[in-house]
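Reader: I'm new to this one, so could you take me through a single part of it up close? I'd like to hear about the charged side chains and how they pair up.

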Amino acid sequence: MPTRFEGYGEFVYRQPQSRAEVHALARAAADDLPTAYACDGDLHWTPAAVREWWQGRGEVEEYIAAMLTEWEGSGEEEYREAAEGLRDYEAYLSGGLANDLRAYIFRLEKGRYPRAGDVLPQL
């Protein structure tokens, strides 16, 4: 689901997991056509790059903590809403992201997503 980092704009930090989330993502992209989501992650990510990013995720956690302090106390609704997105991302970062990245590395290496019984690579 999308979130906004300073200087970047929205990006999809996890794949939608329900029909409603797919529709929300499509609406968000349609509303932001000039800078819509590029759908080009596979052009930029390799298994090594995914692992490197994961090892450096502490920088992301620090950024989230700093932005939450600023945004949650803001008098502007836009910033408080952005803080909600950061909280979601923070929970995902400390929860299901590791397993999703392992599945993504599997897909990058094998050309398909894992099925039941497949062994996922290490991060």
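Author: Let's start with Glu-90 and Arg-87, which sit 3 residues apart in helix α5, so about one helical turn separates them. Salt bridges with shared partners tie Glu-72, Arg-87 and Glu-90 together into one network. For the pair itself, the side chains of Glu-90 and Arg-87 meet in a salt bridge at 2.7 Å, N to O. Keep in mind that this is a predicted model, and the distances come from that model.

How covered up are the two partners? Glu-90 has a relative accessible area of 29%, so it counts as partly exposed. Arg-87 has 37%, so it is partly exposed as well. Buried would mean under 20% and exposed over 50%, and partly exposed is what lies in between.

Now slide along to the start of the helix. Helix α5 covers residues 77–94, and Glu-77 and Arg-80 both lie in it, 3 residues apart, about one turn of the helix. Their side chains also meet in a salt bridge, with 2.7 Å from N to O. Glu-77 comes out at a relative accessible area of 48%, so it is partly exposed. Arg-80 is at 32% relative accessibility, and that makes it partly exposed because the buried class stops under 20%.

Arg-80 has another neighbor worth a look, and that is Ser-74. Leaving out residues up to four places away in sequence, Ser-74 touches Tyr-79 and Arg-80. You'll find Ser-74 in the loop between α4, which is 57–72, and α5. Is Ser-74 buried or exposed? At 18% relative accessibility, Ser-74 counts as buried, because the cut-off for that label is under 20%.

There's also a run of charge to spot around here. Glu-76, Glu-78, Glu-81, Glu-84 and Asp-88 form a negative surface patch. One of its members, Asp-88, is found in helix α5. Asp-88 is at 46% relative accessibility, so it counts as partly exposed. Residues in such a patch have over 30% relative accessible area and no salt bridge, so the 46% of Asp-88 clears that bar.

So far the pairs have been about one turn apart, but what about one that links distant parts of the chain? For that, go to Asp-42 and Arg-107, whose side chains meet in a salt bridge at 2.5 Å, N to O. Asp-42 is in helix α2 (residues 41–44) and Arg-107 is in helix α6 (residues 97–110), so the partners are 65 residues apart and the pair links distant parts of the chain. The two ends are not covered alike: Asp-42, at 40% relative accessibility, counts as partly exposed, whereas Arg-107, at 18%, counts as buried.

Which residues does Arg-107 touch, apart from neighbours within four places in sequence? It is in contact with Asp-42, Arg-112 and Tyr-113. Asp-42 turns up there as well as in the salt bridge.

Just past that helix there's an arginine to compare. Arg-115 is in the segment after α6. With 54% relative accessibility, Arg-115 counts as exposed, because exposed means over 50%. Arg-115 and Ala-103 are 12 residues apart in sequence, and their C-alpha atoms are 9.6 Å apart in space.

Time to zoom out. The structure holds 5 salt bridges in total, including the Glu-90 and Arg-87 pair we began with. The chain has 6 helices and 2 strands, and along the sequence they follow the pattern β-β-α-α-α-α-α-α. There are 123 residues in the chain, and buried ones make up 28% of them. Among contacts between residues at least 6 apart in sequence, 46% join residues at least 24 apart. As for the surface, the chain exposes about 8,300 Å², and carbon and sulfur atoms supply 51% of that.

If you want a route for your own look, begin at the network of Glu-72, Arg-87 and Glu-90. Then follow helix α5 to Glu-77 and Arg-80, and finish across at Asp-42 and Arg-107.

Key
Residues numbered from 1 in each chain as written. Predicted model: local features only at pLDDT ≥ 70, side-chain atom pairs only at ≥ 80, totals over all residues. Heavy atoms only, no water. Salt bridge = Lys/Arg side-chain N within 4 Å of Asp/Glu carboxyl O. Helix = DSSP H or I, 4+ residues; strand = E, 2+ residues; numbered from the N terminus. Buried < 20%, exposed > 50% of the residue type's maximum accessible area, 1.4 Å probe, protein only. Patch = residues over 30% accessible without salt bridge, like charges linked within 9 Å, V, L, I, M, F, W, Y side chains within 5 Å. Areas by Shrake-Rupley, 256 points an atom, 1.4 Å probe, with all protein chains shown as cover. Lys, Arg positive; Asp, Glu negative; His and termini not counted. Charge placed at Lys NZ, Arg CZ, Asp CG, Glu CD. Contact = heavy atoms within 4.5 Å.
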